[in-house]
Amino acid sequence: MTRPRLRSPLPLALALALAGALVAGCGGGGADGPELSVSDAYLPEPVNPEVAGGFLTLRNEGDADDTLVSVTSELTDTVEIHETVDNAMRRVDGLTVPAGGTLRLERGGSHLMFLDPAEPPVEGDTVVVELRFETSEPLRVELPVTSATYAGGDGSAEGTEHTEHTDQSEHTGHSGEEHSP
């Protein structure tokens with residue numbers, strides 16, 4: 001008994017092209033690149049008027065990592081990105097915000113360090129910063145100045161998600177010095 005031979009109504013090349021397009025179209029329709037947002041932003045009133053620490057959470061809903069590379073603020077000419085390793089704080093050139101993940105800048109860990117502010121911020125003030133990234137447009141964020149003992153996390157000092165995109169300008173150098181917490 002011989003089986004009948006089935007013929008495809010479409011040429012093989014066209015069928016393969018359509019199958020490839022369907023597979024590519026099923027990729028979730030998600031983002032191309034990073035999609036960043038900010039929450040839980042705050043700056044505790046500094047105990048030492050020469051330095052202040054800034055804290056926030058960066059969320060990346062996108063499909064690619066991005067890196068926080070610099071921060072500017074009218075509070076001071078020098079804002080550094082720091083990480084804490086083995087209870088030692090050190091300046092770093094950037095911190096990665098992983099695709100589909102979170103970067104937390106928090107007490108005892110990675111954070112922003114404001115050096116020699118012209119006027120020390122006091123509870124009730126708001127400090128505006130511009131976060132600059134390797135790939136994404138800059139984010140303008142408001143950090144409410146909280147009590148010196150506020151540790152974050154309860155949502156009461158949530159910063160503005162991002163209020164404005166601006167052009168990225170030249171990144172200034174850092175002193176490279178280590179600072180004690």
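**Exercise 1.** In this predicted model, find how many residues the largest nonpolar core has, and which ones have the most contacts inside it.

*Solution.* Start with the count: the largest nonpolar core has 27 residues. Next, look for the ones with the most contacts inside that core: they are Leu-58, Leu-68, Leu-112, Phe-114 and Leu-131. Now zoom in on Leu-68. Leaving out residues up to four places away in sequence, Leu-68 touches, among others, Leu-58, Leu-112 and Leu-131. Its list also includes Asp-93 and Arg-132.

**Exercise 2.** Work out whether His-111 is buried or exposed, then look at what surrounds it.

*Solution.* First, place it: His-111 sits in strand β8, residues 111-115. Second, check the accessibility. Buried means under 20% relative accessible area; His-111 has 6%, so it counts as buried. Third, look at its side chain: one of its polar atoms is 2.8 Å from the backbone oxygen of Gly-109. Finally, skip residues up to four places away in sequence, and you'll find that His-111 touches Phe-55, Glu-80 and His-82, among others.

**Exercise 3.** Track down the aromatic pairs and say how many there are.

*Solution.* The count is 2. Tyr-42 and Phe-55 make a tilted pair, 5.3 Å centre to centre with 35 degrees between the planes. Here Tyr-42 belongs to strand β1 and Phe-55 to strand β2, 13 residues apart. Tyr-42 also pairs edge-to-face with Tyr-150, at 4.8 Å and 90 degrees. Tyr-150 lies in the segment after β10, so this pair ties together parts 108 residues apart in sequence. Put the pieces together, and Tyr-42, Phe-55 and Tyr-150 form one aromatic cluster.

Key. Residues are numbered from 1 along each chain as its sequence is written. This is a predicted model: local features need pLDDT of at least 70, side-chain atom pairs count only at pLDDT 80 or more; totals for chains, interfaces and linings use all residues. Side-chain values use heavy atoms; hydrogens and water are left out. A nonpolar core is a set of buried Ala, Val, Leu, Ile, Met, Phe, Trp, Tyr and Cys residues joined through side-chain atoms within 4.5 Å. Buried means under 20% relative accessible area, exposed over 50%, partly exposed in between (1.4 Å probe, protein chains only). Contact means heavy atoms within 4.5 Å. Helices (H or I, at least four residues) and strands (E, at least two) are DSSP runs, numbered from the N terminus. A polar contact is a pair of N or O atoms within 3.5 Å; within protein, one must be able to donate a hydrogen and the other to accept it, and residues adjacent in sequence count only if both atoms are side-chain atoms. Rings of Phe, Tyr and Trp (its six-membered ring) pair if their centres lie within 6.5 Å; planes under 30 degrees apart count as stacked, over 60 as edge-to-face and the rest as tilted.
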